Amino acid sequence: MNHVDQGGAALAMMDLIKELAKKDEFQCVVVTGKHNRLNEQLDSLGIENYSSCYKNFMSSYKAPVIVFRSLLLARYRMMLPKAIRDLEHKIDFNSIDVIHSNLNRIDIGAILAQKYNIPHIWHVREHGEIDFKLMSMRKNPIRYMNGFPSVYVTISKSVRDIWIKRGLDKKRIKLIYDGIRTENFTESISRNVSEKTRFIFLGGYTINKGQEEAIDSLQFLPNDILNKIKLDFFGNGDTNYMEYLKEKVLKRGLASVVSINEYDPDIWNKSKNYDAGLTCSNAEGFGRVTVEYMMAGLCPIVSNTGANPEIVDNGVNGLVYQKGQPQDLANKIQFVVEHRSVAHGMGVKARNKAFTKFSMKKHADQIYSLYKELLTNTLR
């Protein structure tokens, strides 16, 4: 893993490790790019782990680009050889069967795997420029990645297709959807029906997540519908963006309709109070929150971008709207208000699909099968 200890990639890694740790024949050694909360969690689970200061070879960037890239490049080149020596001192790589890089931004796993002739998995978790602006420390990052004998795991068809279009070797790509821990959700999905139809929006406060589009959609609702809804945002992230959204809510006279809150770790225990969940992102690589809505029995309302249409079947187990058209989102919100029982029925179907297709157990079993395939040389 790289230096980050929060967000989808970190959560996905920790959930996968917890599931794989149940297998007697599996032993995991985790390496992070910085000692952080992940290491502390791994310590508490009794899982061997180390940290070493290596940096991403693909990084998000800021302006001025030339200066920022120069700083990132210098840091990357300086840290990489030191980190390799450090890890070689800490870990006997001759005892390692598979190296699994948890995301496409780091290359130290691929380098060590090639050096010690160990099978390598490169988890590709994002679209790249569509959702996050990325710059590479390598002149041709795709050719660089293809130069390693790695197997690439993409977390959705959407992610797979965009990386194939960029030139990643499609013969070595495996599609394995991420998984969500089902035990985090109670068996009962009965709704606490209130007078108002309640919508929840979970996600970090960034422009890419689309909170503003959700707020903008409310202006297209007739007053009799607007007065029947409550929209609650929960998340962490850019505090300036949070304040911007709060100001927008006040200017629009929506203070009685919209609330903008910090992330609530107990939110899923309160999910019965909601009817539907919103995902308005530019391009979700998978859509962890969407699947969590579904497992909680909520009717998901999602944009038609990224992996969303792969997860939600419009009109069956949720509603899909046209991204960039807040009026279409408003139409979907109005449908839930006017057809609440139908939306609840979609939530039941959504839960069934999520438990069947996107459980962490299924995900972990597929990853472990891939490990065994690599060890029998069928994919090398």
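Is F358 buried or exposed? In this predicted model, F358 has a relative accessible area of 0% and is therefore buried. Its ring takes part in one of the aromatic pairs described below.

A search of the whole structure finds 16 aromatic pairs. One of them joins F286 and F358. The ring centres are 5.8 Å apart and the planes stand at 75 degrees, so the pair is edge-to-face. This pair links distant parts of the chain. F286 belongs to the loop between strand 12 and helix 10, whereas F358 belongs to the loop between helix 13 and helix 14 (360-375). The two residues are 72 residues apart. F286 has 4% relative accessibility, under the 20% limit, and so counts as buried.

A second edge-to-face pair is formed by Y368 and Y371. Here the centre-to-centre distance is 6.3 Å, with 80 degrees between the planes. Both residues lie in helix 14. They are 3 residues apart, about one turn of the helix. Y368 and Y371 are both buried.

Ring pairs also build a cluster. Its members are F57, W122, Y144, F148 and Y152. Charged groups sit over rings as well. The charged end of R166 sits over the ring of W163, at 5.0 Å from the ring centre. For R198, the ring is that of Y274, and the charged end is 4.5 Å from its centre.

The loop that holds F358 also holds S359, between helix 13 and helix 14. S359 has a relative accessible area of 10% and is therefore buried. I180 is 179 residues away from S359 in sequence. In space, the C-alpha atoms of S359 and I180 are 5.0 Å apart. Beyond residues up to four places away in sequence, S359 touches G179, I180, T182, M295 and A354.

M295, one of the residues touched by S359, is also among the buried residues of helix 10. Helix 10 spans residues 288-295. Of its 8 residues, 7 are buried, so the helix is largely enclosed by the rest of the structure. The buried positions are R288, T290, V291, E292, Y293, M294 and M295. Several elements contribute to the cover over these residues. Among the helices are helix 1 (8-20), helix 11 (308-311) and helix 13 (340-357). The strands include strand 9 (197-202), strand 12 (276-279) and strand 13 (299-303). G297 follows helix 10 and has a positive phi, near 80 degrees.

A positive phi also occurs at N117, a residue other than glycine, with a value near 55 degrees. N117 lies in the loop between helix 4 and strand 5 (120-124). At 61% relative accessibility, over the 50% limit, N117 counts as exposed.

S156 is likewise a loop residue, placed between strand 7 (150-154) and helix 6 (157-166). With a relative accessible area of 0%, S156 is buried. Leaving aside neighbours within four places in sequence, its contacts are L175, Y177, G285, A307 and E310.

I164 is placed in helix 6. Its relative accessible area is 30%, so I164 is partly exposed. Not counting residues up to four places away in sequence, I164 touches K170 and I173. D97 is 67 residues from I164 along the chain, and their C-alpha atoms are separated by 28 Å.

The second largest pocket holds about 910 Å³ of space. Its lining comprises 36 residues. C28, V29, V98, I99 and H100 lie nearest the pocket centre. Several elements give two or more residues to this lining. The helices among them are helix 1, helix 3 (65-90), helix 4 (108-115) and helix 14. The strands are strand 1 (29-32), strand 2 (48-51) and strand 4 (99-101). By class, the lining has 24 nonpolar, 6 polar and 6 charged residues.

Some elements recur across these features. Helix 1 helps to cover the buried residues of helix 10 and gives residues to the pocket lining. Helix 14 contains the Y368 and Y371 pair and also contributes to that lining.

How values were computed:
Residues numbered from 1 in each chain as written. Predicted model: local features only at pLDDT ≥ 70, side-chain atom pairs only at ≥ 80, totals over all residues. Heavy atoms only, no water. Buried < 20%, exposed > 50% of the residue type's maximum accessible area, 1.4 Å probe, protein only. Helix = DSSP H or I, 4+ residues; strand = E, 2+ residues; numbered from the N terminus. Contact = heavy atoms within 4.5 Å. Phe/Tyr/Trp six-rings, centres within 6.5 Å; stacked < 30°, edge-to-face > 60°. Lys NZ or Arg CZ within 6 Å of the ring centre and 35° of its normal. 1 Å grid on protein atoms, 1.4 Å probe; cavity = no way out; pocket = protein on both sides within 12 Å on 5 of 7 lines; lining within 4 Å. Points joined across faces, edges and corners; volume = space filled by probe spheres on them. Nonpolar A, V, L, I, M, F, W, Y, C, P; charged D, E, K, R; others polar.
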